[in-house]
Structure formats: C-alpha cells, structure tokens
Amino acid sequence: MSGTNDSGKEAAAASKSAIRVLLVDDHAIVRQGLVFYLGMQNDLDIVGEAANGVEAVSRAAELKPDVILMDLFMPEKNGIEATRDIRAMDAKARIIVLTSFSEQDHVLSAIKAGANGYLLKDADPADIANAIRGAHAGRPQLHPAAAAQLMSHVAATQDHPAAPAAAPTGPASPDALTPREAEILSFLARGYSNKEIAAACGIAEKTVKTHVSSLLSKLGVADRTQAALYAVKNGLVES
C-alpha cells in the first residue's frame, strides 16, 4: 500500500514541477498532434487548448500557463492580437508563435507584439518540445527561416554605419575567429541549421557543433541567434 502512495506522490510532484503549456490553434488535428507528442514528455503538461485568439486570451487569464504555443491566423482574433493582449495582462507571459508562415512581416509583428519565439509547423516535434523548455528558461526561440528573416531586417534597417555604436560584447574584428568559424558564422547569419552547415562545408554535424560552441564563446554571446545578429550588425558577413 505504501508503494502505491509513494507512486502517487511522485506523480503529483512531477505534475507540479512540469512546464504548463496552453495550445492555441484553430485546427483540431494540429492540437491533437501536439497533445499526443508533448503529452509524452514528463516535464511538459498540456493544461488547456484554444481554437481562436479570443479563447486564447480567456484561457491564458484563467490557466496562467508557463508557455503558450500560438498559431497566427485564426478566426475572431489572430495570434498577433492575442499575443499583444496576453502580454498586456501579463508582461512575463512566454509565448511561442507556431505557424506555417516565415515571411519577414509576420516574424517582426510577432516579436513586436511580445512573442518570445517563432517556430514553423514543419519543425521536428522534439525541437518544439525543446523550444518550450528554452522559452520557459527565458531564452528566445527562432526557427532558422525566421532567424534569417530577422537578420535581413536588421541588415536592411541599419543606418549611418560609420556612426559610433554600442560596444560589442565580442571581438572588434573577425580576426579572433578561425577561417572555419568565420565560414560557419556566415551560415548562421543566413539561418542555416547545423545539419545544413555540415552538408555545405563537407564536415560532420558534430564538428559543426564544436565550432559553433567555440565561436559563441569567442563572441561572448549566449546562442546562435545572438551570434548571427552580432555578425550582421558588425559587418562580419555579407547581408
């Protein structure tokens, strides 16, 4: 009997510590797929669903989830409007847009509305689960295609390149990077994944990961998105 009680306590403790997720999408089949996969993750707990933006705002206020997966185009209220409304209610809300659209306008609108991440629905389910964990930890989550759009916007909107800028956290010149690291950085700035970089450079994906880790350390940035931003802002790659 005590073993049964212990199992119940362990399950309750695991549920309490799990990341609470709200799914928002107007297609039931999409929500069902996410529930099936994410529900198998011990550290993730699907606490609710919403089929449109109005429901999303209401459910977010009611459930106070840790992370919200938000579709963009839905009836009654779209994902951008819902994201803006939810962030107005709770400035600490973690929202990841999950959509089929990677156009620059959509990426920028989502980020400006307060989204903490932007993923495409063709992402591997494991990557979506990891993005939820990352967003919960306060790290921005961007699909490579969305990152590429953001990089293009940053490059296009730079003005007065000769004007003094805030001191960078990384090296003042590309000389601190090896030729291979500089090459990989250029691919990062264009939104390539490690697998795509490995194929383009003719090296193992594990080797790419090692180079990425090294250049992040040299640049003094936390992740590949920040490294790509640094590269574009400092003219280390062609925009």
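In the predicted model, six strands form an open sheet in the order β2-β1-β3-β4-β5-β6, and the pairing is parallel. The edges of this sheet are β2 (44–50) and β6 (141–142), each of which pairs on one side only. In general, the strands of a sheet pair through backbone hydrogen bonds, either parallel or antiparallel.

Within the sheet, four bridges connect β1 and β3, which pair in the parallel sense. Leu 23 has Leu 69 of β3 as its bridge partner. Strand β4, residues 94–99, likewise pairs with β5 in the parallel sense, over four bridges. Here Thr 99 stands opposite Leu 120 in β5. Strands β5 and β6 run parallel and are joined by two bridges, with Gly 117 opposite Gln 141 in β6.

Strand β5 spans residues 117–120, and both of its faces are covered. Gly 117 and Leu 119 are buried on one side, and Tyr 118 and Leu 120 are buried on the other. Gly 117 and Leu 120, the β5 residues named in the bridges above, are thus found among the buried residues of this strand.

The structure also contains one cavity of 30 Å³ or more. In general terms, rolling a probe the size of a water molecule over the atoms shows where empty space is left. The volume of the largest cavity is about 40 Å³. Its lining consists of Leu 23, Val 24, Asp 25, Val 30, Arg 31, Leu 34, Leu 69, Met 70, Asp 71 and Leu 98. Two or more of these residues come from each of β1 (19–24), α2 (28–38) and β3 (67–70). Helix α2 supplies the largest share of the lining, three residues. By type, the lining has seven nonpolar residues, no polar ones and three charged ones. Both Leu 23 and Leu 69, which line the cavity, are the bridge partners already described for β1 and β3.

Nonpolar side chains tend to be buried together in soluble globular proteins. The largest nonpolar core in the model has 19 residues. Those with the most contacts inside this core are Leu 185, Leu 188, Ile 197, Leu 215, Leu 219 and Ala 227. The elements that give two or more residues to the core are α8 (179–189), α9 (194–201), α10 (205–219) and α11 (224–233). Leu 188 touches Ile 197, Leu 215, Arg 224, Ala 227 and Ala 228, when residues up to four places away in sequence are not counted. Another core, of 17 residues, lies apart from the largest one and includes Ile 96, Ala 123, Ile 132 and Ala 135.

Two residues that are not nonpolar were examined in the helices α8 and α9. Glu 181 lies in helix α8. Glu 181 counts as buried because its relative accessibility is 4%, below the cut-off of 20%. Leaving aside neighbours within four places in sequence, Glu 181 is in contact with Ala 176, His 211, Ser 214, Leu 215 and Lys 218. Between Glu 181 and Val 212 there are 7.2 Å in space, C-alpha to C-alpha, although the two are 31 residues apart in sequence.

Asn 194 is found in helix α9. With a relative accessible area of 14%, Asn 194 is also buried. Outside its neighbours within four places in sequence, Asn 194 is in contact with Glu 205, Val 208, Lys 209, Val 212 and Arg 224. Arg 224 is also among the residues touched by Leu 188.

Note on methods. Residues numbered from 1 in each chain as written. Predicted model: local features only at pLDDT ≥ 70, side-chain atom pairs only at ≥ 80, totals over all residues. Heavy atoms only, no water. 1 Å grid on protein atoms, 1.4 Å probe; cavity = no way out; pocket = protein on both sides within 12 Å on 5 of 7 lines; lining within 4 Å. Points joined across faces, edges and corners; volume = space filled by probe spheres on them. Core = buried A, V, L, I, M, F, W, Y, C linked by side-chain atoms within 4.5 Å. Buried < 20%, exposed > 50% of the residue type's maximum accessible area, 1.4 Å probe, protein only. Contact = heavy atoms within 4.5 Å. Pairing = 2+ DSSP bridges.
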